[in-house]
Amino acid sequence: MSVSRHARRRVGTAAAFLLPFALLFAVVYLAPIGYTVYESLFKLHRDGLGLSAPTKVFAGLGNYADALHDKDFRGSLLRVLVIGVVQVPVMLGVALLLALLLDAKTTLFKRFFRLAFFLPYALPGVVGALMWSYLVAPGLSPITAAAHGLGLHLDLTSDAMLAPTIGNMLTWAWTGYNMLIIYSALQAIPPELAEAARMDGCSAWRIAWHVKIPIVRPALVLTTVFSIIGTAQLYNEPAVLQHVAPNLSSSYTPIFAAYNAVDDNNFGYAATESVVLAVLAFVLSFGFLKLVQRRGEVL
């Protein structure tokens, strides 16, 4: 009887500690998500010539059907997907390389380089985007000027170069953050493993490939999932770049498209686009997680 009473007291104490978090989670996360899904089921209806105020009517999945047939919205989803497929592996590859270099015994000035690699992430994202917008702006860009000096006619804000330019801005801003996560995982590897491999005649490259990278694979998976979710929310970089690249359309990313709907007071359609984007980000990140779990049981 006393054991049961003690167990109930422990459960009650745990519930008392968890209750504030549960309430905050419900208010900050669950309630907005639920309201967004609810709002996506309604659309504005205008009578006659549209002179009277529109009324909000229940549309069921009508907004979702409209979103799937919206050429601009589908284009924005595909555009962000392509940027992510190219940019995320490049960024994480560079982050892994920098983390391995920092972890190497022969690397000098580790603190300086660690701070230098992390510094771009420490800057506010808008500040970094502003800096890059001036570096690629036609007529101001030193990169373009250097290319012209070599006889190359380079325009980093042309239609063909917008996606690579945005990908470069994302890579510059987020490589240091991912590098720090991978480097922290490398620091947790027992030094005896690398020392044993070294005594067996393994080179630094073979130690990195066969010992360190397999052990930090969970950190790589975690950074990949974070990067997929972050890419789906792409907004700051194209929003700032738009000031020097007028050809960057107002529906360039799904977030742009949702803001356009808000500007038109079409909150139901904006909510629908937000839900579609969230579902896509969840499917991609969760699908990737299940894929790597099935192959290697890394998490």
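**Helix packing and local features of the predicted model**

Of the 299 residues of the protein, 34% count as buried. The structure is a predicted model, and the protein contains 13 helices and two strands. Along the principal axes, the C-alpha atoms fill a box of roughly 85 × 85 × 35 Å. The radius of gyration is 25 Å, whereas a compact globule of 299 residues would have a value near 19 Å. Among contacts with a sequence separation of 6 or more, 64% are accounted for by residues 24 or more positions apart.

Helix H3, which spans residues 71–103, packs against helix H7, residues 162–187, at an angle of about 40°, and the two axes are 7 Å apart. An angle that is neither under 35 degrees, nor over 145, nor from 65 to 115 counts as oblique, so H3 is oblique to H7. The crossing of H3 past H7 is right-handed. On the H3 side, the contact is formed by Ile83, Gln87, Met91, Leu92, Val94, Ala95, Leu96, Leu98, Ala99, Leu100, Leu102 and Asp103. On the H7 side, the residues are Ala163, Gly167, Leu170, Thr171, Trp174, Thr175, Asn178, Met179, Ile182, Tyr183, Leu186 and Gln187. By class, this contact of H3 with H7 comprises 17 nonpolar, six polar and one charged residues.

Threonine 175 illustrates this contact at the level of one residue. Threonine 175 lies in helix H7 and has a relative accessibility of 7%; it therefore counts as buried, the cut-off being under 20%. When residues up to four places away in sequence are not counted, threonine 175 touches Met91, Val94, Ala95 and Leu98. These four residues are listed among those of H3 that meet H7. In an α-helix there are 3.6 residues a turn, so residues three or four places apart point the same way.

H3 also packs against helix H10, residues 217–232. The axes of H3 and H10 come within 10 Å and cross at roughly 145°, and H3 passes H10 in a right-handed crossing. Val80, Gly84, Gln87, Val88, Met91, Leu92 and Leu96 of H3 make the contact with Leu220, Thr223, Thr224, Ser227, Thr231 and Ala232 of H10. The residues of this contact divide into seven nonpolar, six polar and no charged. Gln87, Met91, Leu92 and Leu96 of H3 appear both in the contact with H7 and in the contact with H10.

A further pair is formed by helix H8, residues 191–199, and helix H9, residues 204–215. Their axes are 10 Å apart and the packing angle is about 160°. Angles over 145 degrees count as roughly antiparallel, and H8 and H9 are therefore roughly antiparallel to each other. The crossing of H8 and H9 is right-handed. Leu193, Ala194, Ala197 and Arg198 of H8 make the contact with Ile207, Val211 and Ile215 of H9. By class, the contact of H8 with H9 has six nonpolar, no polar and one charged residues.

Threonine 36 is placed in helix H1, residues 2–39. At 26% relative accessibility, threonine 36 counts as partly exposed. Leaving aside neighbours within four places in sequence, threonine 36 is in contact with Ala271, Ser274 and Val275. From C-alpha to C-alpha, threonine 36 is 17 Å from aspartate 264, and these two residues are 228 residues apart in sequence.

In helix H12, residues 254–263, the buried residues include Pro254, Phe256, Ala257, Ala258 and Ala261. H12 is followed by asparagine 265, whose phi is positive, near 60°. Asparagine 265 is found in the loop between H12 and helix H13, residues 267–296, and is partly exposed, with a relative accessible area of 48%.

Most residues other than glycine have a negative phi. Asparagine 265 is not a glycine, yet has a positive phi of about 60°. Phenylalanine 109, likewise not a glycine, has a positive phi of about 50°. Phenylalanine 109 is found in the loop between H3 and helix H4, residues 110–122. The relative accessibility of phenylalanine 109 is 63%, so this residue counts as exposed, a class that begins over 50%.

Note on methods: Residues are numbered from 1 along each chain as its sequence is written. This is a predicted model: local features need pLDDT of at least 70, side-chain atom pairs count only at pLDDT 80 or more; totals for chains, interfaces and linings use all residues. Side-chain values use heavy atoms; hydrogens and water are left out. Axes are lines fitted to C-alpha atoms, for helices over the stretch in contact, and angles run from 0 to 180 degrees between N-to-C directions. A crossing is left-handed if the near helix is turned anticlockwise from the far one by less than a right angle, and right-handed if clockwise. Contact means heavy atoms within 4.5 Å. Ala, Val, Leu, Ile, Met, Phe, Trp, Tyr, Cys and Pro count as nonpolar, Asp, Glu, Lys and Arg as charged, and the others, Gly among them, as polar. Buried means under 20% relative accessible area, exposed over 50%, partly exposed in between (1.4 Å probe, protein chains only). The radius of gyration is taken over C-alpha atoms; the globule rule is 2.2 Å times the number of residues to the power 0.38.
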